[in-house]
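I opened this model to go through its sheets, its helix packing and one serine. My notes are kept in the order I looked things up.

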Amino acid sequence: MSGGAIPRLVIAAPSSGAGKTTVATGLMAAFAEAGLVVSPHKVGPDYIDPGYHSLATGRPGRNLDAYLCGPGRIAPLFLHGAAGADLALVEGVMGLFDGASGMGELSSTAQVAKLLRAPVVLVVDASSQSRSVAALVHGFASWDPQVRLAGVILNKVGSDRHEELLREAMESSGVPVLGALRRDGRAGTPSRHLGLVPVAERRAEAVESVAELAARVREGCDLEALLALARTVPELPDAPWDPAAELSVTEGVTAPPRPLIAVAGGPAFTFSYAEHAELLAAAGAEVAAFDPLRDEQLPPGTRGLVIGGGFPEMYAPDLSANAPLRAAVAALAASGAPVSAECAGLLYLSRSLDGKPMCGVLPAESRMTERLTLGYREAVALRDNALAAAGTRVRGHEFHRTVLEPGAGAGPAWGLTHPERRVEGFVSGGVHASYLHVHWAAEPSLAGRLVASAARGAVARSSA
């Protein structure tokens, strides 16, 4: 079987809250436990669900976002992530046809399903309906003829009699029922202000939850029928995304020394796209992870730093208590080494977070608020910096309940152009800090430029 014909399914729903993550994660774990190599994917910019997908499959959870990366990269990124897999499962976002606000189907689950030529299995919350489920499914199946709605999994079924009524109703819909799951809170995953609690913060409990989800799915779903459906897909004509090829026309390092780029991780910094580390390595960097909650120093030889998103507000006292690492980060930034910080990283570089001292790299204070800032953004780099050349245009995503005062420095990181116009973030020396989450696969030059900057610093230090 060629790589382009990787068996695949998209797990969607009529709306948020129907149980997509429960079913998708359970299916991933059940198939993986059956001995299949399962490739997990998530539509949209979500960082948290992929953590559970990775736990279920043992492979990196990967995002497929047509707004951030462009529709033309969806199939290549999928093929890259699913290489060597026996089955790929793609969890949708929101309702099946919900996309970027005001942009039609862009970034919707339906669009991704069409780009992947993948059948869709609809997860329906059946808790408050019986015959009406057939009308609901009929509407979704007929809305867009290019979307192949090939099966339904009934979720939150109340009893044997309830399931019988639902299956009778579905017989006239022409869409097969591939599973029915009872209402069950045993495998629930706790949530808070930005969604589910990440795996890194509750790993032992998360392992138990995923195992329970797998057991529920094995009991309630027809795994053989689902796998047979996944194998009906055509071959994709696209070539897999290749980080090295993407960087062949951008800045990067082609000769020693290989600069070491430290990437923050651990429970406080869980938001990262798998392709970022792959691009850094392809650009010539040695990539080393560190945990700002535990490690008192940066990895030896660090020449550049990437601090992504996460939940520093939940760990502000512990991050603050690690004074040696805060000092090391501040010293690296003061040396002019490239530092890329997104959202949580932005807060960590500020003077304080909810009154707790942080790294003090940025002349700003940060704090939690009740207001959710959420949505896609378009932005342009206003000046040359360690991450982006002036004029570089990107699409990004904001997702936080914090505020930074001031919100921009004398040298802002980005000029936002849509849906509002304002400046945002900080550029100072080698530091680029912003609330904006950007998927580097859409603009590989960001990784290449950061690594090249770190390499120049490494050469300068070695010759000093």
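The entries below go through two sheets, two helix packings and one residue.

**Entry 1: the model.** I am working with a predicted model.

**Entry 2: the seven-stranded sheet.** I traced the strand order first. I read E3-E2-E4-E1-E5-E6-E7, an open sheet of seven strands with parallel pairing. Which strands stand at the edges? I found strand E3 (62–64) and E7 there, each with a single partner strand, so one side of each is left without a neighbour in the sheet. I then looked up the turn between neighbouring strands, which is 25° on average, direction ignored.

I picked one pair inside this sheet. Strand E1 (residues 8–12) joins strand E4 (residues 87–91) through four bridges, in the parallel sense. For Ile 11, I noted Glu 91 as the bridge partner in E4. Next I looked at a helix on the sheet. Helix H2 (residues 48–57) packs there and touches strand E2 (38–43), E3 and E4. The direction of H2 makes about 170° with that of E2.

**Entry 3: helix H7.** I asked which residues of helix H7 (residues 160–170) are buried. I listed His 162, Glu 163, Leu 166, Ala 169 and Met 170. They span an arc of only 125° around the axis, which puts them on the same side of H7. What do the buried residues of H7 pack against? I found helix H6 (132–143), strand E6 (149–157) and strand E7 (177–182). E6 and E7 also appear in the strand order of the seven-stranded sheet.

**Entry 4: H4 on H5.** I checked how helix H4 (residues 74–81) meets helix H5 (residues 109–116). The two pack at an angle of about 70°, and their axes are 9 Å apart. That makes H4 roughly perpendicular to H5. From H4, I noted Ile 74, Ala 75 and Phe 78, which meet Val 112, Leu 115 and Leu 116 of H5. By class, I recorded six nonpolar, no polar and no charged residues in this contact.

**Entry 5: the six-stranded sheet.** I moved on to an open sheet with mixed pairing. Its six strands have the order E11-E10-E12-E13-E21-E20. At the edges I found strand E11 (286–290) and strand E20 (426–428), each with a single partner strand, so one side of each is left without a neighbour in the sheet. From one strand to the next, the twist averages 15°.

I looked at one parallel pair. Strand E10 (residues 260–264) and strand E12 (residues 302–307) run parallel and are joined by four bridges. Leu 260 stands opposite Thr 302 in E12. Then I looked for helices on this sheet. Helix H11 (residues 274–282) packs on it, touching E10, E11 and E12. The direction of H11 makes about 140° with that of E11. I also noted helix H13 (residues 323–334), which lies across E11, E12, strand E13 (339–342) and strand E21 (431–434). H13 runs at about 110° to E12.

**Entry 6: Ser 366.** I placed this serine in strand E16 (residues 365–380). Is Ser 366 buried or exposed? With a relative accessible area of 3%, Ser 366 is buried, the cut-off for buried being under 20%. I then looked up what Ser 366 touches, not counting residues up to four places away in sequence. The contacts are Leu 347, Ser 350, Ser 352, Leu 353, Asp 354, Val 403 and Leu 404. Last, I checked Ser 366 against Ala 244. They are 122 residues apart along the chain, and their C-alpha atoms are separated by 37 Å.

Notes:
Residues are numbered from 1 along each chain as its sequence is written. This is a predicted model: local features need pLDDT of at least 70, side-chain atom pairs count only at pLDDT 80 or more; totals for chains, interfaces and linings use all residues. Side-chain values use heavy atoms; hydrogens and water are left out. Buried means under 20% relative accessible area, exposed over 50%, partly exposed in between (1.4 Å probe, protein chains only). The arc is that of the directions from the helix axis to the C-beta atoms. Contact means heavy atoms within 4.5 Å. Two strands pair if DSSP finds at least two bridges between them. Axes are lines fitted to C-alpha atoms, for helices over the stretch in contact, and angles run from 0 to 180 degrees between N-to-C directions. Angles under 35 degrees count as roughly parallel, over 145 as roughly antiparallel, 65 to 115 as roughly perpendicular and the rest as oblique. Ala, Val, Leu, Ile, Met, Phe, Trp, Tyr, Cys and Pro count as nonpolar, Asp, Glu, Lys and Arg as charged, and the others, Gly among them, as polar.
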